[in-house]
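Reader: I have a structure open and I am new to this. Can we go through some features together?
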Amino acid sequence: MSDLEFRSVTDAEWPEFLETLRMAFGALPAPGDEAIEKRPWAIERSMAALEDGHPVGCAGSYDFDLTLPGLTTAPAAGVTWVGVRPTHRRQGALTGIMRAQLEEIHDRGVPLAILLASESVLYGRYGYGMATTQVDLEIDRTRAVLAEPFEAPGRVVLVTDQPAIDRLLPEIHESVRRRQHGDVSRPAEWWKPFFAGGRGGTEFGPRFHAFYENPSGETEGYAYYRLASDFSVRLRQDWTVLLQGLGALTFEAYVALWRFVWDLDLTAKLVATFRPPDEPLRHLLRDPRRLATTRSVDFLWCRLVDVPAALSARRYEVTSSVVIEVRDPVCPWNAGRWRLDGSADGATCVRTDAAADLTMTATELGAVFLGGTHLSALAAARRIDEHATGAVARTDSMLSTARAPWCQTFF
């Protein structure tokens, strides 16, 4: 590790940075496809481990805005593209990159970092906690029957004009994500590769975009999906719908869009990926068992880069106070005891000399921050030290949220 340098790369170093990323994930450009990919974020967000001036490890980050419990928002670094060349694993490159990146995020005054973990064993050691869970759902079209009759007052429209999609989808997603804690803004740099990848793949065809309009013509929801169609067998009617995104501002939009995507002609089943664990659809069906959960997996990992700023930014459903001792060797400025006073109207978090009610590491604090992991579950696993009787239960009630946090933005 002493022979490695950790810093942001320059424009001239970007091609080797990109090559390092590809090698880390077992990929190289296809023949004839040697063009340098455009950076999806500012060059200064591209952190690298360099050996003799050449990148051997990499990490980038988006500039996101994260919706917090209480529907406040805070800046968050969306960490991505983390990898090390196979020849340089277990030599300190990853540790150096993660530490340097957290220092850079802190220096910019950003209180939070989030990521999606390709390997879930890695990031707890750097203070990231498993903050949200997603589920994959599957439903048989013939069994998708609502428990109560429903007629939407508006209409679902399919939009195929790309400039219209480019305008409508970012606008409605931004409105939806501000009502869903755990989700993030999607900057223009995020949308560019999303729209570029909409033409199809090896199994599923092109992406379709549906929007719900209320009687006044206002857009209140969206869904985007693909079809696994097969024309090799005549009169076939067992295609699969892959729902990749659905968000709604109103109940009417939510139900209308779900019913639209599960009732497409020629299809037999719908697969919906990365949905919230408390999906309301299950409670709308006549037979809720027909909505099968085929996978449950961690999704968003959260890291408090600035403990007092992060804890002060969110809101709390139960008014209370607690003194938390935080252990954080990676970000030592967070270490110590903090008094959190929180309510639905606001919160403060300041250093204190008072005795701690609880002790936890930055990893546990990141896990419970959005309300997706219960403090009591961590305490049961002996990952929290309780010093005052009832402190776990009291703090759990503060941090928990009525609905599960959910992020449907892949990055």
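Reader: Is Leu 266 buried, partly exposed or exposed?

Author: One caution first: this is a predicted model. Now the reasoning. Buried means under 20% relative accessible area, and exposed means over 50%. Leu 266 has 36% relative accessibility, so it counts as partly exposed. Leu 266 lies in the loop between H5 and S12.

Reader: What is the sign of phi at Leu 266?

Author: Start with the general idea. Most residues other than glycine have a negative phi. Leu 266 has a positive phi, near 70°. Arg 382 is another case: its phi is about 60°, and it is not a glycine either. Look for Arg 382 in the loop between helix H8 (375-380) and strand S19 (385-386). Arg 382 has a relative accessible area of 78%, so it is exposed.

Reader: Which residues does Gln 237 touch, leaving out those up to four places away in sequence?

Author: Leu 266, Thr 267 and Ala 268. Gln 237 is in the loop between S10 and S11. Take Thr 267 as the example. Gln 237 and Thr 267 are 30 residues apart in sequence, but their C-alpha atoms are 5.7 Å apart in space. Gln 237 has a relative accessible area of 58%, so it is exposed.

Reader: How far apart in space are Cys 58 and Gly 109?

Author: They are 22 Å apart, C-alpha to C-alpha, with their positions 51 residues apart in sequence. Cys 58 is in strand S3 (residues 54-67). Its relative accessible area is 0%, so Cys 58 is buried. Beyond four places in sequence, Cys 58 touches several residues, among them Phe 17, Met 47, Trp 81 and Ile 97.

Reader: Now the sheets. What is the strand order in the sheet that contains S8?

Author: General idea first. Strands of a sheet pair through backbone hydrogen bonds, either parallel or antiparallel. Here the order is S8-S9-S10-S11-S12-S7-S13, in an open sheet of 7 strands with mixed pairing. Strand S8 (155-159) and strand S13 (291-298) are at the edges. Each has a single partner strand, so one side of each has no neighbour in the sheet. From one strand to the next, the twist averages 25°.

Reader: How do S8 and S9 pair, parallel or antiparallel?

Author: Antiparallel, over 5 bridges, with S9 covering residues 208-213. For one bridge, find Val 159: its partner in S9 is His 209.

Reader: Which helices pack on this sheet?

Author: H3 is one of them, touching S8, S9, strand S10 (219-228) and strand S11 (239-248). The direction of H3 makes about 115° with that of S10. Helix H5 (residues 251-262) also packs on the sheet. H5 touches S8, S9, S10, S11 and strand S12 (267-275), and its direction makes about 170° with that of S11.

Reader: What is the order in the sheet that contains S14?

Author: S1-S2-S3-S4-S5-S14-S6, again an open sheet of 7 strands with mixed pairing. Strand S1 (4-8) and strand S6 (129-130) are the edge strands, each pairing on one side only. S6 runs antiparallel to strand S14 (residues 300-304), and 2 bridges join them. In one bridge, Gly 129 has Cys 302 of S14 as its partner.

Reader: How many residues are in the largest nonpolar core?

Author: There are 59. Leu 112, Ile 114, Leu 169, Leu 304, Leu 311 and Phe 369 touch the most other members. Helix H3 (residues 162-177) contributes the most to this core, with 6 residues. Now pick Leu 311. Beyond four places in sequence, its contacts include Leu 304, Tyr 316, Leu 340 and Phe 369.

Reader: How many aromatic pairs are there?

Author: The count is 20. A pair of aromatic rings is described by the distance of the centres and the angle of the planes. Trp 190 and Trp 191 are edge-to-face, 5.0 Å centre to centre with 85° between the planes. Phe 194 and Phe 195 are also edge-to-face, at 5.4 Å and 75°. Both Phe 194 and Phe 195 are buried.

Reader: What sits over the ring of Phe 194?

Author: The charged end of Arg 207, 3.8 Å from the ring centre. For a cluster of rings, look elsewhere: ring pairs link Trp 14, Phe 17, Trp 41, Tyr 62, Phe 64, Trp 81 and Phe 411.

Conventions: Residues are numbered from 1 along each chain as its sequence is written. This is a predicted model: local features need pLDDT of at least 70, side-chain atom pairs count only at pLDDT 80 or more; totals for chains, interfaces and linings use all residues. Side-chain values use heavy atoms; hydrogens and water are left out. A nonpolar core is a set of buried Ala, Val, Leu, Ile, Met, Phe, Trp, Tyr and Cys residues joined through side-chain atoms within 4.5 Å. Buried means under 20% relative accessible area, exposed over 50%, partly exposed in between (1.4 Å probe, protein chains only). Helices (H or I, at least four residues) and strands (E, at least two) are DSSP runs, numbered from the N terminus. Contact means heavy atoms within 4.5 Å. Two strands pair if DSSP finds at least two bridges between them. Axes are lines fitted to C-alpha atoms, for helices over the stretch in contact, and angles run from 0 to 180 degrees between N-to-C directions. Rings of Phe, Tyr and Trp (its six-membered ring) pair if their centres lie within 6.5 Å; planes under 30 degrees apart count as stacked, over 60 as edge-to-face and the rest as tilted. A charge sits over a ring if NZ of Lys or CZ of Arg is within 6 Å of the ring centre and within 35 degrees of the ring normal.
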